[in-house]
Amino acid sequence: MTTLLLFNVVNGLIIGAFYALMALGLSLILNLSGVINFAHGGFLAIGGYLAYTLMPYLGYWGALLVSPFLVAFIGVAVERVLIRRLYGRDPLYSLLLTFGLAFMIEDGTRFIWGAQSLPFQIPSWLGAPLSASLFFLTGYRVFMMLLVASVVIGLFLILNRTRLGLRIRAGTLDLETVSVLGVNVRVLRNLNFGLGIYLAGLAGVLASGMLGLQPTVGDNLIMPSFIAIIVGGLGSLPGTLFGGVLIGVASGVTTVFLPSASEAVIYAIMAAVLIVRPRGLFGEEGRF
Amino acid sequence: MWKFDKRAGDVLVWALVLTAPFWLPALGSYVELGTRVVIYALAAMALNFLLGYTGVLSFGHAAYFGLGAYGTALTIKYLCPSTPVGMLAGTVLGTAAAALIGPLIARLRGVYFAMCTIAFGQVFYFIAFQWRSLTGGDDGVSAWHRMPLDLGFTTIDILNNNKAFYYFCVLVLAASAAAMAYLLRSPFGRTLLAIRENERRARFLGIPVDRHIWMSWVISCFFVSVAGTLFTLMNDFVDPRAVRWDQSGNFVIMAVLGGMRSFWGPLIGAAIFLILQDYVSSHTENWMSFVGLFFVLIVLFFPRGVLGLIRRKSAS
């Protein structure tokens, strides 16, 4: 029983780490640009597929390093060409546009790489369990958790210790003033979008090592990421991180006791948060 | 000038809708496409009650559409093989769910409202997907069909006569449209417009804004679940795709494409969208890309929709 519980808590932590990684990217874009990026799951899939294609040339580690940057580059281009035109307009339009993008990316990946699931090879020494008694704790899972943790720490260091991060945080509060102070807001939003998409691409590479690759790989991750943002509170990145881990672990623990409710508990948490605290656990009053 | 145009527009819309089954086959199409347009038009008009006339963006209407569909299908299959009873059950189910969820989200605005409607919409997708013993999971609810309408003195065979079913759907659309138009013309509807135009001012005037948004939400979901009941009757089948989030997106794009600020806009949007989709999906396997591209192009170049464009032309 304890092993089972431990197994599912670890599992929940890993899933939660994915949710958090996705949700942090979504949240960055949403906070600064007011755009809900429906295509986030699509960018995640591109990350996985690009890594798959690059692997024969660069090896696993090279692909893990390069692929998210390529995805971020695509994200920056998409922002420049399409999303930028919609800033300041009704959020309806950016939602519809990214919605259409999600369709196109899903169909595009299916066209290029095929509809069937592709195997994604991770280095074999990473796939082995660490010890016989904790059979579920493969090196890959530990590695994933450590990597996500360090990326998240890195993200918060960027946000709190660099000039770019300072501008992003300031822009979240009051973009107009930041612009008046001489910051190029267009570039700022562009970079910020790229940063968010980078996180999606990274999550894509990591997730394909665990779940395999299908064009719809992002679909199952994007809804919980929305919920992570709602639970954590709009406008708060630590809240988003907490929300992601919370719903991941909660659904992991529920799997032990009531497997069929493991999805439902996520939505129950969201409903409870909306009743008790509509702005989310760490959200600011009156932001939305 | 505009007043005349509007009445002429109404007449034109109804003339086209009422004669469609006779000229659609002649154009190489089929009656079912017309039926689909009528059903989706009702769904998009219901969404537009909220989106265009209350100014609140819902991206989760597929949930209530799907609840209407599942309620009807399950009632006819297991409880009572009667079309009107099934429709009633489906509509009640969808409206009740909306009424329960409404208070949770009526306080939220803008992007936050949209996100929460998406997330709550997904709840029902998961239920439809995972409650296999009841909903059949991924396979959907099949092995049932709609029943002819028994009016006592005569029966209307909407099962085998596809034109009769088309006109049945048109009748439901007409009744729903009339009800929505009546509501929008009433003081209640004017209050919704006031909220759309300036929520803060409406609040200062003592209007209970959250309660009005809740009511508008429930009314909108009521009509969308009516559309859902017709949808499942048309297919004699329902599966979780009817509840999925891409369905909600379709409703929104129809409303936008036709023109959110006009009453008949969503109908025109539904017609254009479905005819295009029908054409593209019969010519290429990659129709999803085209639909996605269509979304992008509408947002970039056509945000006011067809009727918005016409209206601006006639105003200038």
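Let's start where the two chains meet: 34 residues of chain A and 34 residues of chain B take part in the contact. This is a predicted model, so everything below is computed from predicted coordinates. On the chain A side, the elements that give two or more residues are α3 (91–113), α9 (219–232) and α11 (264–276). Of these, α3(A) has the largest share, with 15 residues. What classes of residue make up the side of chain A that touches chain B? There are 26 nonpolar, four polar and four charged residues.

Since α3(A) gives so much to that contact, have a look along the helix. α3(A) has 23 residues and runs 32 Å from its first C-alpha to its last, close to the 33 Å expected at 1.5 Å a residue. Because 17 of its 23 residues are buried, α3(A) is largely enclosed by the rest of the structure. Just past the end of α3(A) comes Gly114(A), with a positive phi of about 90°.

Now zoom out to chain A as a whole. Chain A has eleven helices and zero strands, so to speak a plain α-α-α-α-α-α-α-α-α-α-α when read along the sequence. Its radius of gyration is 19 Å, close to the 19 Å that the globule rule gives for 288 residues, so chain A is as compact as a globular protein of that length. The C-alpha trace of chain A spans about 60 × 50 × 35 Å along its principal axes. Buried residues account for 51% of the 288 residues in chain A. And among contacts in chain A with a separation of 6 or more, 73% join residues 24 or more positions apart.

Next, the inside. In soluble globular proteins, nonpolar side chains tend to be buried together. Here the largest nonpolar core has 188 residues, and those with the most contacts inside it are Met22(A), Leu42(B), Ala43(B) and Ala227(B). Helix α1 (residues 2–33) of chain A provides the largest share of this core, 15 residues. Which residues does Ala227(B) touch, leaving aside its neighbours within four places in sequence? They are Ile39(B), Leu42(B), Ala43(B), Ala46(B) and Phe65(B).

Ile105(B) is another spot to visit in chain B. Ile105(B) sits in helix α4 (residues 83–105) of chain B. It counts as buried because it has 26 C-beta neighbours inside 10 Å, and the cut-off for that is 20 or more. Not counting residues up to four places away in sequence, Ile105(B) touches Phe113(B), Cys116(B) and Thr117(B). Ile105(B) and Met115(B) are ten residues apart in sequence, and their C-alpha atoms are 9.9 Å apart in space.

Finally, two loop residues of chain B have a positive phi without being glycine. Ala143(B) has its phi near 60°, and Asp236(B) has a phi of about 50°. The table shows where they are and how many C-beta neighbours they have.

| Residue | Loop of chain B | C-beta neighbours within 10 Å |
|---|---|---|
| Ala143(B) | between α6 (132–135) and β1 (149–150) | 8 atoms |
| Asp236(B) | between α10 (209–235) and α11 (245–258) | 15 atoms |

Are these residues buried or exposed? Ala143(B) is exposed, because only 12 or fewer neighbours are needed for that label and it has 8. Asp236(B), with 15 neighbours, counts as partly exposed.

How values were computed:
Residues are numbered from 1 along each chain as its sequence is written. Chains are lettered from A and ligands numbered from 1 in the order in which they are written. This is a predicted model: local features need pLDDT of at least 70, side-chain atom pairs count only at pLDDT 80 or more; totals for chains, interfaces and linings use all residues. Two residues are in contact if their C-beta atoms, placed from the backbone, lie within 7 Å. Helices (H or I, at least four residues) and strands (E, at least two) are DSSP runs, numbered from the N terminus. Ala, Val, Leu, Ile, Met, Phe, Trp, Tyr, Cys and Pro count as nonpolar, Asp, Glu, Lys and Arg as charged, and the others, Gly among them, as polar. A nonpolar core is a set of buried Ala, Val, Leu, Ile, Met, Phe, Trp, Tyr and Cys residues joined through C-beta atoms within 7 Å. The radius of gyration is taken over C-alpha atoms; the globule rule is 2.2 Å times the number of residues to the power 0.38. The expected span of a helix is 1.5 Å times one less than its number of residues.
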